[in-house]
Amino acid sequence: MGSCISAIGTANPKNKIPQQTIYHFMANAFGLDNINAARLKHIYEGSGIDNRYSVIPDFAFSDTAEYTFFGNSANLEPFPTTQQRLKLYQQCAIDIATQAARQCFDSFDSDVAPQITHLITVSCTGMYAPGIDIDLVTTLGLNRQTERTCINFMGCYGAINALKAADYICRADAGAKVLVVSIELCTLHFQKNNTLDNWVANSLFSDGAAAVLVENELQKIKPGKALLLRNFYSEFMPEASDDMGWYVGNLGFEMKLTSKVSKHIKKHIKALTGRVLQKAGLSFEQIDEFAIHPGGKSILEATEEALDISAAANHLAYQTLREYGNMSSATILFVLQKILRADTEAGKNILSFAFGPGLTVEGMILETGE
């Protein structure tokens, strides 16, 4: 037998900022004239996002004098360095990650922390050493002998790789209890260079964390609903490698995200889905639900058009995008939390995808279970 997701917890920073408020910040930061401000407003109004979260309160302010992270001048100078951004990551990430893990643990009647055998952390927006893995062991009261694995800088698909690693562990050791924690503070890396790529990237990304308990389905801590991890699939498109990137710059991490990404996904996702299903021994007609990473509205629409499915079939991804924005690797776990909490009968097959630099597509098949 395989492994399952028994519980998922999520958390966000305290700064919940309406998308239109962030638009005004960005229009000022880019110094846009009326014509370009209208173009940017069109992007924000069509983003499918109502609110985003950030560890930086400045995005909610119209007066530069109120800024606490960016420079108080009109052009945000002095603009924060990579060192300053990663210092704030180290200060803030642990609290948000801990909140998500504790919400995950709250799903159980017993004290889960002493039972955790493995910890997998996921992040592409910050790192330090000793890292957030060791900090989580301390704040959550885990055993100091907990085996730790860090998955870093893989982008939006990193959490599926973490679930894959957790699945391998639980299949090899039926007694293993694996805690997966994804923590992404994407807004730390806001870039003010006036380019269309930055306009789009800065309209999407948000901060959040998710924690997942993965265990062998025959040795669950308690009976109840679960998501069974059935199959995984990975493939990348080398011809699209230049259309999505994540690079370390002197003034934070720099995102490259072109409009071609959704076109590549639309072109390739149907054939790729066929290979996912073939590996799992399923037909497309046997898929009951979808959990597509809401990297942006255009990505969701491209996937739906290519697979000939309705937006309603992927409504939880749209709901997550609307409520939180794109939190990189943590986002797909927010979608899975909604599925886990839904009143869905056992035995339903779920097809899930996440996308990232490469252009990499990570896919998985899950099944609702008890």
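Which residues line the largest cavity? The model is predicted, so local features need pLDDT of at least 70 and side-chain atom pairs pLDDT 80 or more, while totals for chains, interfaces and linings use all residues. Residues are numbered from 1 along each chain as its sequence is written, and side-chain values use heavy atoms, without hydrogens and water.

A search of the whole structure finds 1 cavity of 30 Å³ or more, where a cavity is a set of points on a 1 Å grid over the protein atoms alone at which a 1.4 Å probe fits but cannot get out. The volume of the largest cavity, taken as the space filled by probe spheres set on the points, is about 40 Å³. Its lining (residues with an atom within 4 Å of a point) consists of Lys225, Ala226, Leu227, Ile339, Leu340, Thr344, Glu345, Ala346, Thr368, Gly369 and Glu370. Strand E8 (226-236), helix H10 (331-341) and strand E13 (360-369) each give two or more residues to this lining; helices (H or I, at least four residues) and strands (E, at least two) are DSSP runs, numbered from the N terminus.

The structure holds 0 disulfides, a disulfide being a pair of cysteine sulfur atoms within 2.5 Å. The sulfur of Cys150 is too far for a bond because the closest cysteine sulfur, in Cys124, is 14 Å away. Cys170 is in no disulfide either, and the nearest cysteine sulfur, that of Cys4, is 8.0 Å away. Cys170 is buried, at 0% relative accessible area, whereas Cys150 is partly exposed, at 40% (buried is under 20%, exposed over 50%, partly exposed in between, with a 1.4 Å probe and protein chains only).

Note on methods
1 Å grid on protein atoms, 1.4 Å probe; cavity = no way out; pocket = protein on both sides within 12 Å on 5 of 7 lines; lining within 4 Å.
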